[in-house]
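The following exercises are to be worked through with the sequence and the model at hand. Each task is followed by a solution in steps.

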Amino acid sequence: MKNRLPSHFSYQKILIVMLLFTVSLLQAQSPKGKLFIIGGGDRSDALMKQVLSVSELTKKDFIVVLPMSSEEPDSSFIFFKTQMAKLTPNPIVMLNFNKETAQNKKLTDSLQKAKLIFISGGDQTRFMNVVQNTPIQTAIQKAYQNGSTISGTSAGAAVMSEKMITGNQKLQKEYSGTFDNIRYDNLETAEGLGLLKTAIIDQHFLKRNRYNRLLSALVEFPTLTGIGIDESTAIIVRNNQIEVAGESEVIVVKNPKGILKSKKNNLISIENLHMSIYTAGQKFNIQ
């Protein structure tokens, strides 16, 4: 037969080749960098030393601070630099982008080359209004893919995920400072940086009692893992493995089953839900 395979070739070998190809493809797609996501509040020297350790800075590496979330970007930068200058000799620079400088290739190239990128707290929507669909976002994503550590606190934590909680409610236009209900089609979300695609982040979690907000997010996005990070606490993301660091706890909610939505007052019910609580040093996986 003309199409007969050589005797030394086998379907087993074909499967091995296909498997190796698949593994290499997955490795190529997996980011080489890490995420260090802080839930806001005080940042101890011990926690920031962990940021530096995870980042694996060499003598030639530098740190970039992105303060665009903050109403007072200079103050955010000074606070960060004052603390970090005690902990590392590496240069620390601020890139306070706006709509015009977002197109500056020299600045975005510098951002992409930073080994540690830190996003300050403030308002996550303010940050994404500057960054979304610009070379800044591309530079952050490429830096992460190439091995840089992307860190952020508070608003800088919220922007990490693809689906970003804004803090606003659709059914209650005036912000009261609390999210005092669980309703469907009430949680306002927007597009984040997209560094974390299978989870959604909430910050200041225990301190500000944000269970309602995160549960509402799971109703809207039931395939995602909800991660609530308390103040002075962080998660370290290495591909699909997450490690907890800091002083408090991380709440993880996922796999909601039997979601029912009532047309009356947008009420919802969930028959079953998986919830876990983790402290420093503990690890868990996400998809």
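**Exercise 1. The sheet**

In what order do the eight strands of the open sheet lie, and what is their pairing?

Solution. The model is a predicted one, in which local features require pLDDT of at least 70 and side-chain atom pairs pLDDT 80 or more, while totals for chains, interfaces and linings use all residues. Residues are numbered from 1 along each chain as its sequence is written, and side-chain values use heavy atoms, without hydrogens and water.

Step 1. Strands (E, at least two residues) and helices (H or I, at least four) are DSSP runs numbered from the N terminus; the protein chain holds 16 strands and eight helices.

Step 2. Two strands pair if DSSP finds at least two bridges between them. The order is β3-β2-β4-β5-β1-β10-β11-β16, and the pairing is mixed.

Step 3. β3 (92-94) and β16 (283-285) are the edge strands, each pairing on one side only. Direction ignored, neighbouring strands of this sheet are turned by 20° against each other on average.

**Exercise 2. Strand β1**

Identify the partners of β1 and determine how far the strand is enclosed.

Solution. Step 1. β1 runs parallel to β5 (residues 149-153), joined by five bridges, and I38 stands opposite T153 in β5.

Step 2. With β10 (residues 233-238), β1 pairs in the antiparallel sense over four bridges; here F36 has I236 as its bridge partner.

Step 3. Buried means under 20% relative accessible area, exposed over 50%, and partly exposed in between (1.4 Å probe, protein chains only). Five of the five residues of β1 (residues 34-38) are buried, so the strand is largely enclosed by the rest of the structure. On one side the buried residues are K34, F36 and I38, and on the other L35 and I37, so that both faces are covered.

**Exercise 3. Two packed helices**

Describe the packing of α2 against α3 and the residues that make it.

Solution. Step 1. Two packed helices are described by the angle between their axes and the distance between the axes. Axes are lines fitted to C-alpha atoms, for helices over the stretch in contact, and angles between N-to-C directions run from 0 to 180 degrees.

Step 2. α2 (residues 45-55) and α3 (residues 73-85) pack at about 85°, with their axes 10 Å apart. This makes α2 roughly perpendicular to α3, a class that covers 65 to 115 degrees (under 35 is roughly parallel, over 145 roughly antiparallel, the rest oblique).

Step 3. Contact means heavy atoms within 4.5 Å. D45, M48 and L52 in α2 meet F80, Q83 and M84 in α3.

Step 4. α3 also lies across β2 (63-66), β3 and β4 (116-119), running at about 175° to β3.

**Exercise 4. Aromatic pairs**

Classify the pairs F205 with Y211 and Y278 with F284.

Solution. Step 1. Rings of Phe, Tyr and Trp (its six-membered ring) pair if their centres lie within 6.5 Å; planes under 30 degrees apart count as stacked, over 60 as edge-to-face and the rest as tilted. The structure holds three aromatic pairs.

Step 2. The ring centres of F205 and Y211 are 4.9 Å apart and the planes stand at 65°, so this pair is edge-to-face. F205 is buried at 0% relative accessible area, whereas Y211 is partly exposed at 27%.

Step 3. Y278 and F284 are stacked, at 4.6 Å centre to centre and 20° between the planes. Y278 is buried at 17%, and F284 is buried at 7%. In β16, F284 is also the bridge partner of I242.
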